[in-house]
Structure formats: C-alpha cells, structure tokens
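Welcome, and thanks for taking a look at this one with us. Here is a short briefing on its pockets and on two of its helices.

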Amino acid sequence: SIVVLEVARRIGVELTGVGMPGHFLVRSASDADLFVDPFHQATLDRAGCERLFASLHGPRARFEDRFLEPVGRRAVIARMLTNLQRSFVGRADRAGALWAQCLRVLVPGATVQDRRQLAAVLAANGRFDAAALELDAIADDGAGGDRDRVAARAMRAKLN
C-alpha cells in the first residue's frame with residue numbers, strides 16, 4: 001500500500017491510506033467509493049470493503065463507516081511499525097521487536113500503552129534498567145501513576 005501511495009504521488013494521482021481494522025487499503029481522493037487493495041491486487045467499492053472486513057473478523061463483527069476514512073502519514077507509520085513489532089515477536093526476534101517498538105514510541109501520538117510495551121520489550125531483552133526508566137518516565141508524565149512506579153521497582157529488583 002505504501003508503494004502504491006508513493007508511486008501515485010509521484011505521477012500526480014491523489015490517493016490516501018485507509019486504516020481499516022485488519023487490512024490496510026488505499027482510497028481514491030476524488031471518489032470516496034473507490035478503494036484499492038494492493039495486497040490482493042483488487043479494486044473494491046464500499047460493499048466490497050464490508051465483505052473483506054467480514055471475512056477477516058467474522059460475520060458478527062460490526063462494520064463502521066469510519067473504518068474507511070483516510071488516515072494521515074503518522075498513523076500509517078505507526079501501524080507499519082506495530083505490524084513489524086508483532087512480526088518480530090511472532091518470530092521470537094527480541095532485538096527486532098525492540099528496534100520496531102523504539103521507533104514506534106518516537107512517532108508523535110504514541111500512547112501510554114505503546115510506552116508500556118516498550119518497557120516490556122526492553123525487559124524481555126534483559127534491559128531492566130532501561131525498562132525501569134521508561135516506566136518512571138510514564139509515571140512522571142502523570143500518565144501512569146503508582147502502577148508504573150511499582151513496575152519500575154520490580155524491574156530494578158531484577159538487576160540484583
């Protein structure tokens with residue numbers, strides 16, 4: 001999808017990314033009912049997107065129109081890094097997961113949960129000191145409180 005978006009930009013075709021849950025799509029900027037699924041090499045209308053969503057999440061999953069709204073570049077980068085991190089975790093590649101999660105928290109708009117995930121990945125890599133520092137920073141920012149302070153102490157205890 002990113003390659004399609006970039007090629008389109010370079011040739012003057014206006015497309016935008018669509019972060020539908022479970023599957024990233026590309027949408028025409030001039031026709032809100034025209035979507036491209038580069039992964040499956042298909043064009044879809046709104047009904048086709050709903051069928052794709054149902055095939056991914058089951059027929060009882062509720063589809064919402066907002067799932068087909070354009071997303072900004074930061075959201076695209078965040079989603080790509082989250083997918084990379086999950087892929088690394090699935091392959092038990094701790095160093096790769098740490099690399100992707102470090103980049104993920106650098107994207108503006110990263111959540112407290114993203115930062116807690118970074119602390120968890122740091123700990124999984126034996127970096128208990130760095131994990132504790134991240135948890136303390138979350139607490140200092142006022143986003144976590146006691147929960148993160150307790151977790152930071154537990155990380156420091158593992159250093160002994």
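How much space lies in the second largest pocket? In this predicted model, the second largest pocket holds about 320 Å³ of space. The largest pocket holds about 380 Å³. Helix α3 is a good guide through what follows: α3 supplies at least two residues of the lining of the largest pocket, and gives the most to the lining of the second largest pocket.

**The second largest pocket**
- Its lining includes Ser1 and Ile2, the run Gly22, His23 and Phe24, and the run Asp37, Pro38 and Phe39.
- Val76, Arg79, Met80 and Asn83 also line the second largest pocket, and the contribution of α3 to this lining is 4 residues.
- By class, the lining of the second largest pocket has 6 nonpolar, 4 polar and 2 charged residues.

**The largest pocket**
- A set of 15 residues lines the largest pocket, and Leu5, Glu6, Arg9, Leu15 and Arg73 are the ones that lie nearest its centre.
- Helix α1 (2-10), strand β1 (15-18) and helix α3 each bring at least two residues to this lining.
- Among the contributors, α1 gives the most, with 5 residues.
- The lining of the largest pocket divides into 8 nonpolar, 4 polar and 3 charged residues.

**Helix α3 (73-90)**
- The length of α3 fits a simple estimate: at 1.5 Å a residue its 18 residues should span 26 Å, and its end C-alpha atoms are 26 Å apart, so the two agree.
- Val76, Ala78, Leu81, Gln85 and Phe88 are buried in α3, and Val76 is also part of the lining of the second largest pocket.
- The cover over the buried residues of α3 includes α1, β5 (70-71), α4 and α5.
- Just after α3, Ala92 takes a positive phi of about 60°.

**Helix α4 (94-106)**
- Asp93 caps the N-terminal end of α4, with a side-chain oxygen 3.4 Å from the backbone nitrogen of Ala95.
- The 13 residues of α4 should span 18 Å at 1.5 Å a residue, and the end C-alpha atoms are 19 Å apart, so the estimate agrees here too.
- Which residues of α4 are buried? They are Gly96, Ala97, Leu98, Ala100, Gln101 and Arg104.
- These buried residues of α4 pack against α3 and α5 (112-124); seen from α3, the elements covering its buried residues include α4 and α5.

Notes. Residues numbered from 1 in each chain as written. Predicted model: local features only at pLDDT ≥ 70, side-chain atom pairs only at ≥ 80, totals over all residues. Heavy atoms only, no water. Expected span 1.5 Å × (residues − 1). Buried < 20%, exposed > 50% of the residue type's maximum accessible area, 1.4 Å probe, protein only. Contact = heavy atoms within 4.5 Å. Polar contact = N/O pair within 3.5 Å; in protein donor to acceptor, adjacent residues only side chain to side chain. 1 Å grid on protein atoms, 1.4 Å probe; cavity = no way out; pocket = protein on both sides within 12 Å on 5 of 7 lines; lining within 4 Å. Points joined across faces, edges and corners; volume = space filled by probe spheres on them. Nonpolar A, V, L, I, M, F, W, Y, C, P; charged D, E, K, R; others polar.
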